[in-house]
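Me: Please consider the following structure, and let us discuss it by question and answer.

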Amino acid sequence: MVTASEQDLPYDVFSRACPSRATLEHVTGRWGSLTLGALYEGTFRFNELRRRVDGVSEKMLSQTLHALERDGLVHREAQPTNPPRVDYELTPLGREVAERLLALIRCVEGRMDDVLGARHRYDEARAEESPSR
């Protein structure tokens, strides 16, 4: 059910021109969601975060962090040490978004047996439909 205050929102992610669509893409894309989920655990340096988000390239993590920082979800703090130290952490907005993402992640992880069963049934049905060669 949509509340009256939700109906009055000036943004509509389903509209092509709405700026919320880009933020949703940053948050729900593979690397954005994994980065936000990892940062929910605490503050990370770049390489620590890269190890935590297994499989992300240096370039993709850098682009993801820039987008999330621009959207106000991640705070980057460069400390003037030698060598320079850069830490990344969630902003209050980023924590709120990450909490919601983690609920979805836990739901998916908790239902993977159902998902894998559905995949198996789907693949079997598709194999039966395909003509033999």
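Me: In which helix is Glu-124 found?
Reply: The model under discussion is predicted. Its chain has seven helices and three strands. Residues 112-129 form the element in which Glu-124 lies, namely helix 7.

Me: Is Glu-124 buried, partly exposed or exposed?
Reply: The relative accessibility of Glu-124 is 41%. Buried would require under 20% and exposed over 50%. Because its value falls between these cut-offs, Glu-124 counts as partly exposed.

Me: Which residues gather with Glu-124 in a patch of negative charge?
Reply: The patch lies on the surface. Asp and Glu count as negative, and Glu-124 is one of the residues gathered there. Its companions in the patch are Asp-123, Glu-128 and Glu-129.

Me: How far apart in space are Glu-124 and Ser-33, C-alpha to C-alpha?
Reply: Ser-33 is one of the buried residues of helix 3, whereas Glu-124 is partly exposed. In sequence, the two residues are 91 residues apart. In space, their C-alpha separation is 31 Å.

Me: How many of the residues of helix 3 are buried?
Reply: Helix 3 is largely enclosed by the rest of the structure, because most of its positions have little accessible area. The buried residues include Trp-31, Gly-32, Leu-36 and Leu-39. Also among them are Thr-35, Gly-37 and Ala-38. The count is eight of the 10 residues.

Me: What radius of gyration does the chain have?
Reply: The C-alpha trace spans about 65 × 45 × 25 Å along its principal axes. Buried residues make up 24% of the 133 residues. For a compact globule of 133 residues, a radius of gyration near 14 Å would be expected, but the chain has 19 Å.

Me: What pattern of helices and strands does the chain follow along the sequence?
Reply: The elements to be placed in order are seven helices and three strands. Strand 2 covers 74-79 and strand 3 covers 85-90, while helix 7 covers residues 112-129. Read along the sequence, the pattern is α-α-α-β-α-α-β-β-α-α.

Me: Which residue is joined to Pro-83 by a cis peptide bond?
Reply: Most peptide bonds are trans. Pro-83 lies in the loop between strand 2 and strand 3. The bond in question has an omega of about 0°, and the residue it joins to Pro-83 is Asn-82.

Me: Which residue meets Arg-52 in a salt bridge?
Reply: A search of the whole structure finds five salt bridges. In one of them, the N to O distance from Arg-52 is 2.6 Å. Arg-52 lies in helix 4 and its partner in the loop between helix 3 and strand 1, so the pair ties together parts 11 residues apart in sequence. The partner is Glu-41.

Me: What is the N to O distance in the salt bridge of Arg-50 and Glu-58?
Reply: Arg-50 is partly exposed, with a relative accessible area of 32%. Glu-58 is likewise partly exposed, at 47%. A salt bridge requires nitrogen and oxygen within 4 Å, and the distance for this pair is 3.7 Å.

Me: Is Asp-87, which meets Arg-85 in a salt bridge, buried or exposed?
Reply: The side chains of Asp-87 and Arg-85 meet at 3.1 Å, N to O. Arg-85 counts as partly exposed at 32% relative accessibility. The relative accessibility of Asp-87 is 10%, so this residue counts as buried.

Note on methods: Residues are numbered from 1 along each chain as its sequence is written. This is a predicted model: local features need pLDDT of at least 70, side-chain atom pairs count only at pLDDT 80 or more; totals for chains, interfaces and linings use all residues. Side-chain values use heavy atoms; hydrogens and water are left out. Patches are made of residues with over 30% relative accessible area and no salt bridge: like charges are joined within 9 Å, nonpolar side chains (Val, Leu, Ile, Met, Phe, Trp, Tyr) within 5 Å. Accessible areas come from the Shrake-Rupley method with a 1.4 Å probe; for residues, only the protein chains shown count as cover. The place of a charge is taken as NZ of Lys, CZ of Arg, CG of Asp or CD of Glu. Helices (H or I, at least four residues) and strands (E, at least two) are DSSP runs, numbered from the N terminus. The radius of gyration is taken over C-alpha atoms; the globule rule is 2.2 Å times the number of residues to the power 0.38. Buried means under 20% relative accessible area, exposed over 50%, partly exposed in between (1.4 Å probe, protein chains only).
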